[in-house]
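Welcome! Here is a guided walk through a protein model, written for someone meeting it for the first time. Keep the picture at hand as you read.

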Amino acid sequence: MGAWMRFPLGTALLVPFAAALAQQPQAPAPAPAPPENVWLPKPVAELLALDKVTARTTALTVRVGQSATFGSLRVAVGDCEVRPPDQPADAAAFLDITDSHPGAPEFHGWMLVSAPSVSMLEHPIYDVRLAGCHE
């Protein structure tokens, strides 16, 4: 027979063991969900445009749903949002940037103030960056 048969457990040992199991602390409640990644819409985007040939910098103020021109670029703002005041400051804008010259690079997507190199216009002459969003 197996080794467990040589030392049979009596009910006197099982009762304290079962009671100890019943008294074990309950599993902790799950941690609260992190706050939602909420962004607040703003109606105006502030952009900085650079002509790399002439070193001319221009600030563009564009309302959401409208566009502005800089050189041969047309910059349309589809959305502009900021983080709530209780979160780290940041702004993001959805931009459509097109060049009137055929075959020139274009940009369609989100730009972030805090990380301009993550998504940027890759153009040999122009650079456009988001500076912020506001009322």
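## A pair to begin with

Let us start with one pair of facing residues: A49 stands opposite V128 in β8. The pairing behind it is that of β2 and β8, which are antiparallel and share eight bridges. Please keep in mind throughout that this is a predicted model.

## The overall plan

Stepping back, the protein has one helix and eight strands. Read from the N terminus, the order is α-β-β-β-β-β-β-β-β.

How much of the protein is buried? Of its 135 residues, 30% count as buried. Contacts also reach along the chain: among those between residues at least 6 apart in sequence, 45% join residues at least 24 apart.

## Strand β2 and its partners

Strand β2 is a good place to linger. Six of its eight residues are buried, so the strand is mostly covered, where buried means under 20% relative accessible area. Besides β8, its partner is β3: the two run antiparallel and are joined by eight bridges. Within that pairing, L47 has L60 of β3 as its bridge partner.

The hairpin of β2 and β3 has four residues between the strands, and A55 there takes a positive phi near 65°.

## The nonpolar core

As general background, nonpolar side chains in soluble globular proteins tend to be buried together. In this model, the largest nonpolar core has 23 residues, and L47, L95, I97 and L130 touch the most other members. The elements that give two or more residues to this core are β2 (44-51), β3 (56-63), β4 (67-70), β5 (73-82), β6 (91-99), β7 (107-112) and β8 (126-134). Of these, β5 gives the most, with five residues.

I97 shows what such a position looks like in detail. Not counting residues up to four places away in sequence, I97 touches L73, R74, V75, E106, F107, H108, M111, L121 and V128. Here V128 turns up again, the residue that A49 stands opposite.

## A buried charge in β2

D51 lies in strand β2. Which side chain of opposite charge is nearest to D51? It is R56, at 4.6 Å, and D51 is buried yet has no salt bridge. The reason is the distance: a salt bridge needs the side-chain nitrogen within 4 Å of a carboxyl oxygen, so R56 at 4.6 Å from D51 does not qualify.

D51 does have a polar partner, however, as its side chain reaches the backbone nitrogen of T54 at 3.3 Å. Leaving out residues up to four places away in sequence, D51 touches R56, F70, I125 and Y126.

## Two salt bridges

How many salt bridges does a search of the whole structure find? The search finds two. In one of them, the side chains of E135 and K42 meet at 2.8 Å, N to O. This pair links distant parts of the chain, with E135 in the segment after β8 and K42 in the loop between β1 (40-41) and β2, 93 residues apart. E135 counts as exposed because its relative accessibility is 61%, whereas K42, with a relative accessible area of 21%, is partly exposed.

R129 and D127 also form a salt bridge, their side chains meeting at 3.0 Å, N to O. Is each partner buried or partly exposed? R129 is partly exposed, at 36% relative accessibility, while D127 is buried, with a relative accessible area of 12%.

## Two loop residues

Loops take part in contacts as well. V64 sits in the loop between β3 and β4 and is partly exposed, with a relative accessible area of 32%. The C-alpha atoms of V64 and V77 are separated by 5.1 Å, though these residues are 13 residues apart along the chain. Setting aside neighbours within four places in sequence, V64 is in contact with K42, P43, V44, V77, G78, D79 and C80; K42 is the residue already met in the salt bridge with E135.

M120 belongs to the loop between β7 and β8. At 31% relative accessibility, M120 counts as partly exposed. M120 touches F107 and M111, not counting residues up to four places away in sequence. The C-alpha atoms of M120 and F107 are 7.3 Å apart, with their places 13 residues apart along the chain.

Note on methods: Residues are numbered from 1 along each chain as its sequence is written. This is a predicted model: local features need pLDDT of at least 70, side-chain atom pairs count only at pLDDT 80 or more; totals for chains, interfaces and linings use all residues. Side-chain values use heavy atoms; hydrogens and water are left out. A nonpolar core is a set of buried Ala, Val, Leu, Ile, Met, Phe, Trp, Tyr and Cys residues joined through side-chain atoms within 4.5 Å. Buried means under 20% relative accessible area, exposed over 50%, partly exposed in between (1.4 Å probe, protein chains only). Contact means heavy atoms within 4.5 Å. Lys and Arg count as positive and Asp and Glu as negative; His and the chain ends are not counted. A polar contact is a pair of N or O atoms within 3.5 Å; within protein, one must be able to donate a hydrogen and the other to accept it, and residues adjacent in sequence count only if both atoms are side-chain atoms. Two strands pair if DSSP finds at least two bridges between them.
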